[in-house]
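Thanks for making time this morning. I would like to talk you through the pockets of this protein and then, briefly, its cysteines, so please have the structure open as I go.

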Amino acid sequence: MEAWTRRGQRAFYEIMHHDISPLCAADIRDQLQKRFAYLSGGRGQDGSPVITFPDYPAFGDVPDQDFQNVMTYLTSIPSLQDAGIGFILVIDRRQDRWTSVKASILRIAASFPANLQLVLVLRPAGFFQRTLSELAFRFNRDDFKMKVPVIMLSSVPELHGYIDKSQLTEDLGGTLAYCHSRWLCHRTAIESFALLVKQTAQMLQAFGTELAETELPNDVQSTSSVLLTHTEKKDRAKEDMRLALVEGRRVLESIREPLGRGPEQSPNQDQLDSQSTVQRLLAQLNETEAAFDEFWAKHQQKLAQCLQLRHFEQDFREVKAALDVLAQKVTTFTDVGNSLAHVQHLLKDLASFEEKSSAAVQRARALSQEGEQLIGHKHYAVDSIRPKCHELRHLCDQFAADLEQRRGLLGKSLELHSLLEASMKWCDEGIYLLASQPVDKCQSQDGAEAALQELERFLETGAESKIQELSKIFQDYEPILTKDLLEHVQRVFQKQESVEEMFHRRQASLKKLAAKQTRPVQPVAPRPEALTKSPCPSPGIRRGSENHSSESSALRRGPYRRAKSEASEGRQGRGSSTGDEESLAVLRRHVMKELLDTERVYVEELLCVLEGYAAEMDNPLMTHLISTGLQNKKDILFGNMEEIYHFHNRIFLRELENYTDCPELVGRCFLERMEEFQIYEKYCQNKPRSESLWRQCSDCPFFQECQKKLDHKLSLDSYLLKPVQRITKYQLLLKEMLKYSKSCEGAEDLQEALSSILGILKAVNDSMHLIAITGYEGNLSDLGRLLMQGSFSVWTDHKRGHAKVKDLARFKPMQRHLFLHEKAVLFCKRREENGEGYEKAPSYSYKQSLNMTAVGITENVKGDAKKFEIWYNAREEVYIIQAPTPEIKAAWVSEIRKVLTSQLQACREASQHRALEQSQSLPLPAPASTSPLKGSTRNIKKLEERKMDPLSLEGYGGSMPLPRAPEKGKGWSKTSHPSETPEDNDGWSSTEEPVNSSDAEEEGRVGPGKLVPGRYTVARLDEKGVPDALALRSGDEVELLQEGDEGLWCVRNLSSGAEGWVPAHSLSALLCQGGPTGCLSSPESSAGSAVLSASSSCSESCTAAVADLRG
């Protein structure tokens, strides 16, 4: 602020004390524009300013206040020095009358506010007025007594004697160029600029004071806010100054413009004064701006340093907290690993941790260097910055030392586990070698010597692989030897000694065979194929069924037969079971190793995709590479891959590693986590959307950049397929493990785990088909669980259809994809889609659905073992289904039978409950002892006895046995039409199969005992025995509720709602008078509709209906 007070204040005071007229041209612009007086800029001989009063006829009408304002303003324009000499007034009244001249002179003399030196009056030019003015002036001289002389002039040349022509305007015969409007504009602009300069100076003064009094904030946000606010104010002040300078230069240019038109025009004194005034204001404004810039530079530097310090302090707190967290996390890394793979995994974790923490360490070191730079640039807070820099360097060095110590321990652990793994591998190869030596070849001397040499060569390879001294191991690796690891070392050493002992025994046996010729024992079985000596290839990757089975059988039989031969000769001390079990244990370990290795690779690949692609989609630096169609689509592209990764990395992989030493028990690990594997269903359901999005955006620069950073040879879509490939890989590995563990403790768990994984694969496959259904308006979840799905050929035969349509339907099957749910079966049309990958998967157009409560099946259709029938609503709709194979047909029929059986059971329970309620609520005409409930109970018992007929019936309806079909020429029941008799079914209808039928049905009549609960239509009326309350008419629809004692039936008139008891013979008479098409019809209780119906009478009628059907 000192610079501002020394330099800026001086300019400020000059500006503030600049004389500005109390009146401005803008304030009295209208009065000045009248031009009854003006200041032309001319000067007298002694430099007196000349004010001209031109001929103005309305001079007398000018208000006194206006006249006074104009006089005051005109006399304030010349400098004080010129105004002190006195003004010369030139009054032109040549065109006026003497009376006006007199009035003008008197008014001027009374109101002129400044000193007067001389008054020159051009009197009227007319003879009479001139004569009159001479006489009047002569006699009235005393009236014009003024402080200065008043000279009456008769002509302009006389005026030139007092004032030079160059100082008079053209209307007074002079040469002085004067434009009143330009003069007025100049005066307005000059005064406006002067006011603007004054306001700008005041604003700078106030702003400078505010900056000087500002206290430095203590946080980044406040400091940034203050700096931003001050900068914005500074910019506004600079802009105001720039505008003021521009305005001043414009005014100066407008003043100079007339002067540059020609050399003959020289500026008058007023123009020179105006030019000088503007130049002086511009110089003062420039000086003020320079002083302000100097002050602002220092103030801004201090604010910037303050902001740097606050940023440094904030970054220091964040970095120190991050380093403290990292240091704390390093102390938790105490695990040294329980296997070679585990140690490698720990080293990778450590490397990954170091890589992730490197950003924090680099930031800390960079922050320390930044602090040193602040100190080097002479920051005002050096004492606060230097200790923080020292602390950051110390924390970084300490963290690096802790990491190096941890890496050293893991390196030791890696060495030890590598040695243990090499020893175990040597033992496994030795066991494999012992098991693979053919017994028959060892019976000859040459064979025994060759086998002996093979064993010796193998023993020589153990020098680098075996543990030589156990005490040296304990001494060298003492820092990492935990209790578990110590026990593991001892177990490996014991196994090594056991294998060496086995080799020594085998050598002893072979040496005896090589020493003397003995007759070889001929094996009973054919010679097994030789096995490969190297155990490295995993059995899990063999795919040929013949090679696979032959190798497995050879592996199972070979050691047993060799051991048997050796035992027969007394050459071998051990039985066959030991060698066989050792071989299988080796194979199990190979499968387990493949499972663990591929699992770790799988987890790493998922992490690579999530960090290298998914996380980069949220990176602001990569946003410009992401196309519009890919924005906000991360969830679609990657699905729930992150959830899958966390499950495998945090849970499943770690639990799998616990089964390294007991691979045959790994099935338990799968069973315990089977619920979590359901996450793959969600991923697979999203896969088509992900594939579609990938194809649309695969050429996006974002993917290319990510692939380049990751150094991947394959594009992202290959990695998005990994979860699908992995879930299918598990069942193959479990099959391999089960093959080598059939006699082990965990075989049952392995089998159950395999079945569960296959179940998950089926559920995933079914859900993939289910989500491809289009056109279904309802909610598929309301249909219950999806039981089966598959493609079939379908024929239709509907009773209500046109005859020609029915005929065509028999010969032209439709290709339909069926979805069997618990509550419905859906018919869809399969539509193949064009595309690649998952887009090749078909979609399904919904056509129709059948409610399972009204569905029946015929298991066998004559002439084709792959066909079965699904019929609906008492065979009004019949669908002949042809499966691809008999096995698929059997599976579907079995599943549908289960659904219908469960529905029948539910319907039976509901019917019993309904019958019980009605027996308690309906009045009976019979005595209390003859309750209609008894008849119902008998029917229920009868149904229970017959509910499970032999499954030899071809017609199957919800597990209920169907009645026998009528003979040729005889209809089914009351509603069957002659054209719909069974002989029209061409051999595939369920009515072709022989089913038992009652005598009444054979004769086309229904006796009283054959009435069943259900709905009927009255075809002809017989009022005998019918209560008046029912008021039955022909065509009414009635419902038989239940049968009571003494042959009475409870009947409800559905048209009127009335109920009553009717004798059975009356109902029978109504039924039998018209023959087979007689009196009452019930599509629900007809012989062809012995299924569970969706109608409201299902729960009331099904029990009695099934009880009366004769199987």
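**Pockets and cysteines**

Helix H17 gives the largest share of the lining of the largest pocket, namely 10 residues. Before I go further, please keep in mind that what you are looking at is a predicted model.

Let me stay with that pocket for a moment. The largest pocket has a volume of about 1,400 Å³, and of the 43 residues that line it, the closest to its centre are Glu-421, Met-424, Arg-589, Thr-660 and Asp-661. If you want to find the walls by eye, look for helix H11 (340-376), helix H12 (382-436), helix H15 (483-515) and helix H17 (576-614), each of which supplies at least two residues of the lining. In terms of domains, at least three lining residues come from each of domain 2 (333-514) and domain 3 (582-767). As for chemical class, the lining of this largest pocket holds 18 charged residues, together with 14 nonpolar and 11 polar ones.

Now to the second pocket. Which residues lie nearest the centre of the second largest pocket? They are His-345, Lys-348, Asp-349, Ser-352 and Asn-649, out of 31 residues that line this pocket. Two or more lining residues come from each of H11, H12, H17 and helix H19 (641-657), and here the largest share, 11 residues, belongs to H11. The volume of the second largest pocket is about 1,000 Å³, and its lining is made up of 12 charged, 10 nonpolar and 9 polar residues. Domain 2 (333-514) and domain 3 (582-767) each contribute at least three residues to the lining of the second largest pocket.

That brings me to the cysteines. As a reminder, a disulfide is a covalent bond between the sulfur atoms of two cysteines. How many disulfides does the model contain? The count comes to 0, and Cys-697 lets us follow the reasoning for one residue. The closest cysteine sulfur to that of Cys-697 is in Cys-700, 6.5 Å away, and because a disulfide needs the two sulfur atoms within 2.5 Å, this is too far for a bond.

Finally, a word on accessibility, buried or exposed. Cys-697 has a relative accessibility of 5%, so this residue counts as buried, the limit being under 20%. Cys-24, on the other hand, has a relative accessibility of 24%, and therefore counts as partly exposed.

Key. Residues are numbered from 1 along each chain as its sequence is written. This is a predicted model: local features need pLDDT of at least 70, side-chain atom pairs count only at pLDDT 80 or more; totals for chains, interfaces and linings use all residues. Side-chain values use heavy atoms; hydrogens and water are left out. On a 1 Å grid over the protein atoms alone, a cavity is a set of points where a 1.4 Å probe fits but cannot get out, and a pocket is an open set with protein on both sides within 12 Å along at least five of seven lines; lining residues have an atom within 4 Å of a point. Grid points are joined across faces, edges and corners, and a volume is the space filled by probe spheres set on the points. Helices (H or I, at least four residues) and strands (E, at least two) are DSSP runs, numbered from the N terminus. Ala, Val, Leu, Ile, Met, Phe, Trp, Tyr, Cys and Pro count as nonpolar, Asp, Glu, Lys and Arg as charged, and the others, Gly among them, as polar. Domain bounds come from an automatic or database domain assignment. Buried means under 20% relative accessible area, exposed over 50%, partly exposed in between (1.4 Å probe, protein chains only).
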